[in-house]
Structures are given as structure tokens and as C-alpha cells.
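Open the model in your viewer and set it to a cartoon display. The tour below says what to select at each stop and what is there.

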Amino acid sequence: MFWPPENFILEELVCKHVFDKWGYNSWSFFDDRALRTIDIIRRRLNKRMIINNWKWGGEFTQRGLRCNQCQLVKDKTEAGIVYCTPHVRGIAFDFDVEGMVAEEVRQWLIKHKEILPVPIRLEAGVNWVHLDIAPVPTLEKITLFNP
Ligand SMILES: [Zn+2]
Ligand SMILES: [Zn+2]
């Protein structure tokens, strides 16, 4: 059974390639702990979170699940670079929160880490929020990592 989040539609979470090919079945490509995590954050923050916006003509297409036809993945493949980003594993999202800069969002998450259903990783120092639930060798609720 899929676990569609309450606060996001599929098009915000997958690239158009995946949406066009798999439609509603694309939900099965996600780890539902990751979906639950962004859904809870969205509800608790109570502000708009922008992940992908290609459905409405926006520029963002690769901020959720990326497939092998997505440019970032394609470029790495063509350059002979091994690429195992959590974005291709259905456990990562990049987003902006309306009215907050990325560092404020990271600090908010650190302050409210008790709301998180599972431990998360946040990319440090970037001007968007990258959140994933890749396993880490620690019991910390939030791990900051450098790209
Ligand atoms: Zn794609
Ligand atoms: Zn990312």
C-alpha cells in the first residue's frame, strides 16, 4: 500500500520523466519514512514548501526523486562519475520554505527535532534545504554533512 502524503502531490516529488512513465505507481519508489518526514515538517512549519514546481511551469524538476534521464544524473553518467545520491533512492528532498532562508529552516529543524519520526541528514551551508534519511553511524536525530 502506498502512503501518499497529505501536503504534497506526486508531481512535486518526482521528475516529469518518472511521472509521465509511472504515474501514481511512482509512489512506490519512495521510502515512506521520507514522505512522512516532509509531511510532518510541512504541517508543523505551516508554511509553503517548494520542492519541484515543473507542474506549474517552474524550473525545479530534480529536487525529489531523480531518474537516469534527469540532467544531474545524466551528466555524472556521461562523465564516468559514480553517483549514488539519496535523490535516486527515494529518500531525499531539496526544498525552500516560503519566508525563511535555508539556514533558518535548518536551525528550526534542529530546535524541533523531536517532531521528526526518523533521523535525518541535512546538507550544511547550501542556500536550499537538502534533507534525506540516509542511514548514519550515529544515534543523533540530525546529522549535518558537507557536500
Ligand atoms: Zn528524471
Ligand atoms: Zn539534495
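Two strands count as paired if DSSP finds at least two bridges between them. Strand 3 and strand 4 are joined by two bridges and run antiparallel. Keep in mind throughout that this is a predicted model.

**Stop 1: the whole chain**

Show the full protein chain. It has five helices and five strands, and from the N terminus on their order is α-α-α-β-α-β-α-β-β-β. The radius of gyration is 15 Å, close to the 15 Å that the globule rule gives for 147 residues, so the chain is as compact as a globular protein of that length. Along the principal axes, the C-alpha atoms fill a box of roughly 40 × 35 × 30 Å. Of the 147 residues, 29% count as buried.

**Stop 2: the sheet**

Select the five strands. They form an open sheet in the order 1-2-4-3-5, with mixed pairing. Strand 1 (49-50) and strand 5 (142-145) stand at the edges with a single partner strand each, so one side of each has no neighbour in the sheet.

Start from strand 1. Strand 1 pairs with strand 2 in the antiparallel sense over two bridges, and methionine 49 stands opposite valine 97 in strand 2. Strand 2 in turn pairs with strand 4, again antiparallel, over four bridges. Here aspartate 94 has histidine 130 of strand 4 as its bridge partner.

Move on to strand 3. Arginine 121 stands opposite aspartate 132 in strand 4. Strand 3 and strand 4 make a hairpin with five residues between them. Select glycine 125 in the turn, which has a positive phi of about 75°.

Now show the side chains of strand 4. In a regular strand, side chains alternate between the two faces of the sheet. Val129 and Leu131 point one way, His130 and Asp132 point the other way, and all are buried.

**Stop 3: helix 5**

Select residues 102-111, which are helix 5. Which strands does helix 5 touch as it packs on the sheet? The answer is strand 2, strand 3 (120-123), strand 4 and strand 5. The direction of helix 5 makes about 35° with that of strand 4.

Colour Ala102, Val105, Arg106 and Leu109, which are buried. Seen down the axis of helix 5, the buried residues fall within an arc of 100°, so they line one face of the helix. Their cover includes strand 2, strand 3, strand 4 and strand 5. Glu104, Gln107 and Lys111 are on the other side of helix 5 and are exposed.

**Stop 4: the nonpolar core**

In soluble globular proteins, nonpolar side chains tend to be buried together. The largest nonpolar core here has 26 residues, and those with the most contacts inside it are Val14, Cys15, Val18, Ala34 and Leu65. Helix 3 (32-45) gives the largest share of this core, four residues. Among the other elements that supply at least two residues each are helix 1 (10-13) and helix 2 (16-22).

Centre the view on valine 18. Leaving aside neighbours within four places in sequence, valine 18 is in contact with Ser26, Leu65 and Cys67.

**Stop 5: glutamine 71**

Last, select glutamine 71 in helix 4 (71-78). Is glutamine 71 buried or exposed? Glutamine 71 has 11 C-beta neighbours inside 10 Å and therefore counts as exposed. Draw a distance from its C-alpha to that of alanine 34: the two residues are 37 apart in sequence and 23 Å apart in space.

Definitions and conventions. Residues numbered from 1 in each chain as written. Chains lettered and ligands numbered in written order. Predicted model: local features only at pLDDT ≥ 70, side-chain atom pairs only at ≥ 80, totals over all residues. Rg over C-alpha atoms; globule rule 2.2 N^0.38 Å. Buried ≥ 20, exposed ≤ 12 C-beta atoms within 10 Å, placed from the backbone. Core = buried A, V, L, I, M, F, W, Y, C linked by C-beta atoms within 7 Å. Contact = placed C-beta atoms within 7 Å. Axes fitted to C-alpha atoms, helices over the stretch in contact; angles between N-to-C directions. Arc of directions from axis to C-beta.
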